[in-house]
2 protein chains.
Amino acid sequence: MKVDWVAADWGSTNLRCWAMSESDKILDFAHSDRGMKSIVATGGDFESALLDLIRPWLEPGRKMPVAACGMVGAKQGWIEAPYSVAPCSPTTQRYQAPTHSHEIEVWIHGGIQQPKPADVMRGEETQIAGLLAEGPDYEGLVCLPGTHTKWVTVSQGKIQRFRTYLTGEVFALLSEQSVLKLTLASEGWDRAAFLEGFQSTLERPETLLSECFGLRAEALLNDLEGVVARSRLSGFLLGHEISGVTKEGPKIEAVTLVAADSLMEIYEAALDSIWIYVRTFSTESAILGGLAKGRNT
Amino acid sequence: MKVDWVAADWGSTNLRCWAMSESDKILDFAHSDRGMKSIVATGGDFESALLDLIRPWLEPGRKMPVAACGMVGAKQGWIEAPYSVAPCSPTTQRYQAPTHSHEIEVWIHGGIQQPKPADVMRGEETQIAGLLAEGPDYEGLVCLPGTHTKWVTVSQGKIQRFRTYLTGEVFALLSEQSVLKLTLASEGWDRAAFLEGFQSTLERPETLLSECFGLRAEALLNDLEGVVARSRLSGFLLGHEISGVTKEGPKIEAVTLVAADSLMEIYEAALDSIWIYVRTFSTESAILGGLAKGRNT
């Protein structure tokens, strides 16, 4: 195994690294929970966290190039990789992080900001760059679901504008820490219940907070099943989000989803139910394509 | 001081007791953090928690009547005080709790449920009963802000229908446990920023989750001040709630607010800005009036 370079997706909670060949094929994968938050909390040694994970891939006498994106480039990160301002190319400038070791050379992608409405991204721009590396002429809407879901309008090879929704984080807070935690199953998904919830807040987004309490009431009064409650909550939040997206711009015909499997299924079900055509692209391909693109730019 | 009876407001997190005279005047007040949740967590001795607080008011040889409302009557409470079904009188049936001591006699007010849309209340019905004890002919909308804010339609001496909004709980979760906690001041209120946020989600309730993330982005990009961010978040949530309330029924001319001072100010500012006439009533008067009414019914 001859590792040519290392790709790193370094977010708030996780560090994921891929050993890449000269032709950008995956040779190996490693991950740890040393995301930005845990490193900042323990004094900030980004270099050790990285070396601990990728040491098996290094070889004596060679400086291994590492290309990274995500919160590692934030103000509290390894080095602040400044924001480009949208509209701009998703292949942002790269900034070299200071290292003590002579075995690695680390380059971090800058994020993107939007002045009005104020918004920011770190990491998603690299995924969009990966998408455009596959299809340079792509025009349209890209959705990247997650803790902070991004909806991005791409045109003429640029990120034109974007908006972030707190959907995933609110779902986690409500299901784990609110009065609803007694009502919701900790896992499981019921498609019909999800779509019922989705439709109701898509049409009436102003009912989100009352519908949420209604789940608790239905559990008390009608023994609402935990998986149904969980799926309906997920539907309420997604219906609210997509109501916001659809009312913001022209009619949406198609969306490209860049997601991991579980979120892919949920978003596909929602969009499919309202006749929006969905193309899918895996997060991993998007990240690796975007980091490879950054090295060759 | 001759204590005739004890009034108790016994919620999820607090126990508040008033020593009352024969003519229903307040003689003394005591409170503790022995709400239902802490008692359930420590094995469930409701009687001791109550006696610890009100012992100074007891006299030998007399059984002190205690009238209580709130979560103490829930399934996990002292004794389950079943729900009445709306539409119904806010003066619900009272249920006697089992006691070991011969010094007290405890009566707990039942809550109210609504089959469709499914909803429940425990404690607020007693506050409405207190309101109606003052003005038996009251007709209209009553708002009881809190962790789970209730909007109640009162007519012909009955609670006709109601709806609960998770507004307060979501504000607490977002301000204390989400990505916004870095952005928000822990206290303070800016009326102009509040009203700006209120207006935006009142008109566009579908933007709630993107507006929330926007606060974080504005803090990163424009050094948005913590008090402004906190006030705007509060405005976003209230605008969303009141958008739901106004779209649910006929045009609202006036609202009676039953609230403590801090929430009173916020709700008054919001309703005033959209020309809804506000009457105010203190939570304490409402609870004591409702518990007194229950004793005489």
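These legends walk through close-up views of a predicted model with two chains, A and B.

Residues are numbered from 1 along each chain as its sequence is written, and chains are lettered from A, with ligands numbered from 1, in the order in which they are written. As the model is predicted, local features need pLDDT of at least 70, side-chain atom pairs count only at pLDDT 80 or more, and totals for chains, interfaces and linings use all residues, while side-chain values use heavy atoms and leave out hydrogens and water.

**View 1. Chain A meets chain B.** Here 42 residues of chain A and 43 residues of chain B come into contact (heavy atoms within 4.5 Å). Between them the chains bury about 3,600 Å², 69% of it on carbon and sulfur atoms; buried area is the accessible area (1.4 Å probe) that two parts lose on being put together, summed over both. Look for A:Glu206, A:Leu209 and A:Phe213, which supply 20% of the area that chain A buries against chain B, more than any other three residues.

**View 2. The elements on chain A's side.** Elements giving two or more residues to this side include strand S12 (158-165), helix H4 (167-177) and helix H7 (226-248) of chain A. H6(A) gives the most, with twelve residues. Helices (H or I, at least four residues) and strands (E, at least two) are DSSP runs, numbered from the N terminus. As for salt bridges (a Lys or Arg side-chain nitrogen within 4 Å of an Asp or Glu carboxyl oxygen), the count between the two chains is zero.

**View 3. Helix H4 of chain B and its cover.** Among the buried residues of this helix (buried means under 20% relative accessible area, 1.4 Å probe, protein chains only) are B:Val170, B:Phe171 and B:Leu174. The cover over the buried residues of H4(B) includes H4 and H6 of chain A, along with S12, H6 and H7 of chain B. Leaving aside neighbours within four places in sequence, B:Leu174 touches A:Leu166, A:Val170 and A:Leu173, among others.

**View 4. The largest nonpolar core.** This core has 92 residues, and those with the most contacts inside it include A:Trp151, A:Leu233, B:Trp151 and B:Leu233. A nonpolar core is a set of buried Ala, Val, Leu, Ile, Met, Phe, Trp, Tyr and Cys residues joined through side-chain atoms within 4.5 Å.

**View 5. A cysteine on its own.** Zero disulfides (cysteine sulfur atoms within 2.5 Å) turn up over all chains. A:Cys17 can't form one with A:Cys69 because their sulfurs, 11 Å apart, are too far for a bond. At 0% relative accessibility, A:Cys17 counts as buried.

Key: Buried means under 20% relative accessible area, exposed over 50%, partly exposed in between (1.4 Å probe, protein chains only).
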